[in-house]
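Student: I'm new to this one and would like to start with a single part. Please give me a close look at the ligand and at the space around it.

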Amino acid sequence: MPLSADPILPSPSPEAAAHSAGLAEHIASVIAAEGDWIPFSRFMELALYAPGLGYYTAGSRKFGGEGDFVTGPEISDMYAKCVARQAVQVIQAVGGDVLELGPGSGALAADLYAEMKAVGQAPKRYLMLEVSPDLRERQRARIAQRHPKDLDRFVWLDRLPEKIRGLVIGNEVLDVVPFSLVHRTRGEIYERGVIVSEAGFAWDDERIPEGELKRRAAAVIPPGDYDYLTEIGLAAEALVRTIAASLEAGAALFIDYGFPEREFYHPQRFMGTLRCHYRHRFHGDPFFMPGLQDITAHVDFTAMARAAESADAEVYGFTTQAYFLISCGLAVMVSAGDPGMTLSRLKGTSAVHRLINPSEMGELFKVLGVGRGFDVPLLGFQSARHLPL
Ligand SMILES: C[S@@+](CC[C@H](N)C(=O)[O-])C[C@H]1O[C@@H](n2cnc3c(N)ncnc32)[C@H](O)[C@@H]1O
């Protein structure tokens with residue numbers, strides 16, 4: 001079927017284009033089999049996670065300079081060093097393991113374990129929950145190379161454990177969990193879905209049946225009669241709720257780009273936050289080369305906090321990535337490596353600068369900490385400015 005082409009985005013190799021065409025055919029066959037219309041969340045699930053074909057489940061490079069995007073742990077090992085301090089605090093207090101959600105290339109796992117070991121606090125087990133078989137293999141190879149003697153401490157899980165004790169961390173995971181698109185137009189709220197047209201995939205709005213999505217859409221879309229398109233992440237909320245319910249004692253940290261509800265569903269954000277990442281460019285067309293690009297949306301952290309609370313967990317903090325890293329000791333660590341380093345010079349060093357500068361990841365990225373059975377302030381929020389949720 002025809003694929004949407006954008007002359008500004010770099011062309012894929014013939015092999016990559018053929019792979020994408022194969023996935024597009026698969027998605028088109030699913031649309032036909034499921035009534036000629038699928039919700040956008042289903043399209044996203046197939047584009048990212050269709051077995052052997054999706055962006056995360058097939059072998060495209062994804063991370064780093066030659067991939068499509070760079071994440072905090074990939075930018076600098078300072079990120080892992082800060083998280084290590086947080087992990088040590090939690091595990092010293094409640095015992096247990098580190099559980100990482102969606103470890104991607106394995107950069108955080110390798111660096112976080114190394115740092116915890118360097119301070120004599122290696123976790124007994126470093127658990128990883130990864131939905132992508134391709135990424136699991138890459139993680140395993142990286143850990144085998146960095147920690148060959150400790151490989152047996154790393155455990156890949158197929159599903160969340162029923163009970164979790166220790167620190168759970170998910171960096172840039174909630175933004176890639178399939179979300180729904182809802183659209184107010186002509187005074188009615190619809191669910192936006194995908195059909196196959198002669199020109200390829202196309203948008204199509206359907207009435208929303210009674211249920212949670214309809215209720216939520218009516219609650220969050222700002223009043224008015226103008227067109228408003230936005231995302232609702234019910235599956236990401238379910239993931240947070242399940243983790244919060246499973247935490248016997250400890251904390252879960254969710255780090256991602258996003259906002260609290262009142263900023264997310266602001267009248268001015270009337271076209272939503274859907275964003276695709278392809279070779280370090282971002283754009284808003286999820287139909288472009290399925291399987292070769294990431295599809296994301298910002299995270300509504302208020303909804304995530306409520307999801308945790310609905311499982312009787314506490315919200316321990318919500319702040320920016322910059323405040324969190326600095327509260328974990330980023331400035332102190334960098335200046336310990338270079339005694340002449342002041343905070344203003346630190347901001348100038350490029351990798352750390354990217355992590356904490358407000359115009360890069362420092363402010364758009366937020367950290368939400370939830371948990372139970374941990375009764376002192378989490379290190380990463382101790383000297384951070386708490387943001388309202
Ligand atoms: C954008 S990448 C981030 C990778 C890594 N955390 C980092 O910061 O570099 C998203 C990761 O989440 C994984 N993922 C997506 N949905 C998941 C889920 N429901 N449970 C666990 N991992 C998931 C993907 O396969 C991928 O490893």
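Tutor: Start with Asn 171: an N or O atom in its side chain is 2.6 Å from an oxygen atom of the ligand. Bear in mind that this is a predicted model, where local features need pLDDT of at least 70 and side-chain atom pairs count only at 80 or more, while totals for chains, interfaces and linings use all residues. Residues are numbered from 1 along each chain as its sequence is written, and side-chain values use heavy atoms, with hydrogens and water left out.

Now look at Glu 130, where a side-chain N or O atom is 2.5 Å from a ligand oxygen atom. Thr 71 has a polar side-chain atom 2.6 Å from an oxygen atom of the ligand. These pairs are polar contacts (N or O atoms within 3.5 Å). On its own the ligand has 600 Å² of accessible area (Shrake-Rupley, 1.4 Å probe), and the protein covers 94% of that 600 Å².

Stepping back a bit, there are 18 residues around the ligand, counting those with a heavy atom within 4 Å. Tyr 49, Thr 71, Gly 102, Glu 130 and Asn 171 come nearest. By class, this shell has 11 nonpolar, 5 polar and 2 charged residues; Gly counts as polar, and Tyr as nonpolar.

Where does the ligand sit? It sits in the largest pocket, with more than half of its atoms within 2 Å of the pocket's grid points. A pocket is an open set of points on a 1 Å grid, where a 1.4 Å probe fits, with protein on both sides within 12 Å along at least five of seven lines, and lining residues have an atom within 4 Å of a point. Its volume, the space filled by probe spheres set on the points, is about 950 Å³.

The lining of this largest pocket takes in 47 residues, and Phe 69, Thr 71, Glu 172, Asp 175 and Asp 294 lie nearest its centre. So Thr 71 turns up in both lists. The lining splits into 25 nonpolar, 9 polar and 13 charged residues. Helices (at least four residues) and strands (at least two) are DSSP runs, and α3 gives the most to this lining, with 3 residues. Among the elements that each supply at least two are α5 (107-118), α6 (133-146), β2 (97-101) and β13 (294-296).

There is also a second largest pocket, of about 200 Å³. Its lining has 13 residues, with Arg 192, Leu 229, Met 271, Leu 274 and Gly 284 nearest the centre. β6 (180-185) and β9 (228-232) give two or more residues each to that lining, and β9 gives the most, with 3. The classes there are 8 nonpolar, 2 polar and 3 charged.

Finally, the structure holds 1 cavity of 30 Å³ or more, a cavity being a set of points that the probe cannot get out of. About 130 Å³ of space lies inside. Its lining counts 17 residues, and Phe 179, Gly 233, His 298, Val 299 and Asp 300 are closest to the centre. β9 appears again here, along with α8 (234-246), β14 (299-300) and α10 (301-310), as an element giving two or more residues.

Definitions and conventions. Polar contact = N/O pair within 3.5 Å; in protein donor to acceptor, adjacent residues only side chain to side chain.
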